[in-house]
Amino acid sequence: MIKVKVPATSANIGPGFDTLGIALQLYNTFFFEEIDEGLEINGCDNNYANENNLVYTSMLETFKKIGYEAKGIKITLNTNIPIARGLGSSAACILGGVIGANEIAKASLSKGEILEIATEIEGHPDNIAPALFGGLVVSVTEDENIYYNKINIANGIKFVVLIPDFTLSTSEAREVLPSTVNYKDAIYNVGRVSLLLSALSNGRFDLLKASLMDRLHQPYRKKLIPKGDEIINKSYELGALGTYISGAGPTIMAIIKDNNMNFTVSIKNYLNFINCNWTVKELDLNLSGVGIEKGIKE
């Protein structure tokens, strides 16, 4: 049996729309085994325990590309990444399936090839790349090629996810975006994303609030998050260095100093006070990406 452990990811990171992503220490774990025949999926809702399961369809796509026919597949899931909350749950399932297929087929795909296959299924690499490589990753596509670079984040900060008790699909979140953008807004974002990367790598965390500002997606998506502005403002009052909508939302990410011991408890109390039944978690960065173990026994 093969074990594949995939981290959650937080994409966009303010102005880095569709290009930036970080990996976090929250995981989906998948166990794969080739069996004599059929398909067996355990550990998920019955609605997903079928041939349309995203992990399984990603496996099939990978088998097709590498020319392998499995007799049968058994998948066991242990999922901790919340679905449709902007923390890369679909990317984790896709990547888990691609890697599981590669290991079962003993195909020896490189990480670059895994990135290509998973991105083709997902549609963009901003969640796939950090989940695969860990840390903060910049990724873009050009002429069907994927270019990526991992960037070091200076010590001194930690990430707090504020996860709502409602879902928001990526398709819903994209529907509210304009079809064109103003030239000045494009320039605005180029400046902010440049400042953001330099602030994170050089430890200039005093610049995070300004550098996380955005005009391409967050102003539109914020309207889909009830009390979102109020919660973001309160986060800054409680000492957040910066905040942004994680992925397509509705999760809000707060970046705080690593010695701030009061923020998490205080924001939990505030969310309860305004009757928001949200989950709050402090998460460290995952720096190594996907983990793979072989020969696992049940």
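**Strand pairs, annotated regions and the largest pocket**

Strands β5 (residues 136–142) and β6 (residues 145–151) run antiparallel and are joined by seven bridges. The model described here is predicted. Within this pair, serine 139 has tyrosine 148 of β6 as its bridge partner. The hairpin of β5 and β6 has two residues between the strands, and aspartate 143 in this hairpin takes a positive phi near 50°.

A parallel pair is formed by strand β3 (residues 38–42) and strand β4 (residues 72–79), with five bridges between them. The chain passes from β3 to β4 by way of helix α1 (residues 54–66), and the resulting β-α-β crossover is left-handed. In the pairing of these strands, glutamate 40 stands opposite lysine 74 in β4. As a general point, side chains in a regular strand alternate between the two faces of the sheet.

Two regions of the chain carry domain annotations in the unreviewed UniProt entry. The annotation "domain: GHMP kinase N-terminal" is listed there for residues 53–135. Over residues 53–135, the chain is 58% helix and 10% strand, and the C-alpha atoms at the two ends lie 28 Å apart. The annotation "domain: GHMP kinase C-terminal", also from the unreviewed UniProt entry, covers residues 197–258. Here the chain is 39% helix and 16% strand, with 19 Å between the end C-alpha atoms.

Empty space left among the atoms can be found by rolling a probe the size of a water molecule over them. The largest pocket in the model has a volume of about 740 Å³. Its lining consists of 40 residues, and Leu54, Ile83, Ala84, Ser89 and Ser90 lie nearest the centre of the pocket. By class, 14 of the lining residues are nonpolar, 19 are polar and seven are charged. Helix α1, strand β4, helix α2 (89–105) and helix α5 (170–175) each supply at least two residues of this lining. Domain 1 (2–151 + 286–294) and domain 2 (157–283) each contribute at least three residues to the lining.

The pocket lining can also be set against a further record. In the unreviewed UniProt entry, the annotation "binding site" covers Pro82, Ile83, Ala84, Arg85, Gly86, Leu87, Gly88, Ser89, Ser90, Ala91 and Ala92. From this set, the lining of the largest pocket takes in Ile83, Ala84, Arg85, Gly86, Leu87, Gly88, Ser89 and Ser90. Alanine 84 is placed in the loop between β4 and α2, and this residue is among those nearest the centre of the largest pocket.

Note on methods
Residues numbered from 1 in each chain as written. Predicted model: local features only at pLDDT ≥ 70, side-chain atom pairs only at ≥ 80, totals over all residues. Heavy atoms only, no water. UniProt positions renumbered as here; feature names shortened; annotations may be inferred. Helix = DSSP H or I, 4+ residues; strand = E, 2+ residues; numbered from the N terminus. Pairing = 2+ DSSP bridges. Right-handed = clockwise from strand over helix to strand, strands pointing away. 1 Å grid on protein atoms, 1.4 Å probe; cavity = no way out; pocket = protein on both sides within 12 Å on 5 of 7 lines; lining within 4 Å. Points joined across faces, edges and corners; volume = space filled by probe spheres on them. Nonpolar A, V, L, I, M, F, W, Y, C, P; charged D, E, K, R; others polar. Domains from an automatic or database assignment.
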